[in-house]
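Open the model in your viewer and keep the selection box at hand. We will go from stop to stop, with a word each time on what to select and what is there.

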Amino acid sequence: MTPSVLGRDFRLLWSAAVSSRFGDALRTPALALLAATVTRDPRVIAAVTVAGQVPPLLFGLLGGVYADRWDRRRTMALVDGVRAAVVAALAVVVALNQVSVLVLLVAAFVLAALGTLFDSASFALLPALVPPDALPRANGRLQAGSAVAGGFLGAPAAGVLFAVAPAVPFAVDAVTFAAAALLVLALSPPAAAGGPGAARPRGAVWSEIGAGLRWLRAHRTLWRVTLLAAASNLAISGIMAVLVLYALDVLRVPPAGYGLFAAAAILGGVAGALGAARLAASLGTVAALRAVLAAQTVALTGFALARHPVPGGIALAVFAAGTVVWNSLSASYGQRHVPSELLGRVGAAQRMVGLLTAPLGAALAGLAAAAYGTVPVAGAAAGTFALVTLVAWRTLRPAAPAVLSRSGAA
């Protein structure tokens, strides 16, 4: 079967996403570096990181409501325009040497809060821009572009630009947000590209949030995919929390080579993103999700048993590829089955459930590593994935309730 053409609107959305991701990859490490110039108190520096992690938990579901209420194209453009203004203001404050801890906390919090609305609108807009059968390929290309822009381009450039002048990475980030806003505005208007139903009756915000949660809970397959993702995130966040220590102490990665070792995960992610659509076409989306979990269990087991950088790096790359494939295909499944007027809320609910387990996984890994070392953490992560895989193969089935499915087979 000939793949569907992704089209002009997808190229614009892809360019906007990649531009924004490049800016994010500049800003995130630059904020940490900037915080270290203001204070050496690790509690304060950690607080800046936490300030960027709390908003999705506080406002994620609310962002889903407004992504379903408002024109998604204009919402994304407005959010990126505001984010450009916020980061530009931060760049000016940095250039004037007027930075304080409060400024960093507010900037991190506001940018993350705005991001919750942007993410919900972007997730809900994609099915209106590409044909249903092209969703796995579109999501894969979005993730591949974001991985390259963030991991290979943005992250290495952040330190270099910060060394030139601390304000430079923030100024460049503001430009990327502005460029993304203009690219989104160039998308076809809702009448041509689709969007939420303008005539949809609106209830109270909490009742609309409840409607999204109830829809997700009632859809057997999508709800199980969401729970499996949450369980997987428990292990993923745990292994990522101790990855640098495991690489240095167990795999004997030289400190100077850690960047190259970490790049294996990025390469694996890009490969997974580009191969996600082909895997879904060969096996079907739900069957591919089960196969991916099995492959990740094998890879993570190999990682836990490895004692050399090369096999450890290969195992990490395979595991990262599986993570990106899972993310691409699970997003595509939801976008294909959730009604358009509920996409923002259901997508936000899925992200919320997944986010709830990530801090717990990182905290448990930190405590376990402090008490027993990092090797048991890797073993526990592999064991968790084995259990998740077993549950998936027993409970995850292609069929979804016909009354809830908008179109298409699994």
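## First stop: around F177

Select F177 and, leaving aside neighbours within four places in sequence, you will find it in contact with S20, D24, R27, D80, R83, A84 and V87, where contact means heavy atoms within 4.5 Å. Before going further, note that this is a predicted model, in which local features need pLDDT of at least 70 and side-chain atom pairs count only at pLDDT 80 or more, while totals for chains, interfaces and linings use all residues. Residues are numbered from 1 along each chain as its sequence is written, and side-chain values use heavy atoms, with hydrogens and water left out.

F177 sits in helix 6 (residues 168-185); helices here are DSSP runs of H or I with at least four residues, strands are runs of E with at least two, and both are numbered from the N terminus. Is F177 buried or exposed? Its relative accessibility is 0%, so F177 counts as buried. The cut-offs are under 20% relative accessible area for buried, over 50% for exposed and partly exposed in between, with a 1.4 Å probe and protein chains only. For a sense of distance, pick A321 as well: F177 and A321 are 144 residues apart in sequence and 28 Å apart in space, C-alpha to C-alpha.

## Second stop: salt bridges

Two of the contacts of F177, D24 and R27, are worth a selection of their own. R27 forms a salt bridge with D24, and their closest N and O atoms are 3.0 Å apart. A salt bridge here is a side-chain nitrogen of Lys or Arg within 4 Å of a carboxyl oxygen of Asp or Glu. About one helical turn separates R27 and D24, because they are three residues apart in helix 1 (residues 7-38). Both residues of this pair, R27 and D24, are buried.

How many salt bridges does the rule give? The count comes to eight.

Next, select R69 and E208, a salt bridge whose closest N and O atoms are 3.1 Å apart. This pair links distant parts of the chain, with R69 in helix 2 and E208 in helix 8, 139 residues apart. R69 is buried, as is E208. Now add D68, R72 and R345 to the selection: salt bridges that share partners join D68, R69, R72, E208 and R345 into one network. Within that group, the side chains of R72 and D68 meet at 2.8 Å, N to O, and both R72 and D68 are buried.

## Third stop: helix 2 against helix 8

Keep R69 and E208 on screen and show both helices. The axes of helix 2 (residues 42-69) and helix 8 (residues 205-218) come within 9 Å and cross at roughly 95°. Helix 2 is therefore roughly perpendicular to helix 8, a label for angles from 65 to 115 degrees; under 35 is roughly parallel, over 145 roughly antiparallel and the rest oblique. The axes are lines fitted to C-alpha atoms, for helices over the stretch in contact, with angles running from 0 to 180 degrees between N-to-C directions.

Which residues meet here? From helix 2 come L61, L62, V65, Y66 and R69, and from helix 8 come V205, E208, I209 and L213.

## Fourth stop: two buried threonines

Select T297 in helix 12 (residues 285-305). T297 is buried, with a relative accessible area of 12%. Not counting residues up to four places away in sequence, T297 touches A382, F385, A386 and T389.

Then move to T357 in helix 14 (residues 343-372). T357 is also buried, with a relative accessible area of 18%. With the same sequence neighbours set aside, T357 touches A230, N233, L234 and S237.

## Last stop: loops with positive phi

Most residues other than glycine have a negative phi. Select N97, in the loop between helix 3 (72-95) and helix 4: its phi is positive, near 60°. N97 counts as exposed, at 67% relative accessibility.

Finish at R252, in the loop between helix 10 (243-249) and helix 11 (258-283). R252 is not a glycine, yet it has a positive phi of about 60°. R252 is exposed too, with a relative accessible area of 61%.
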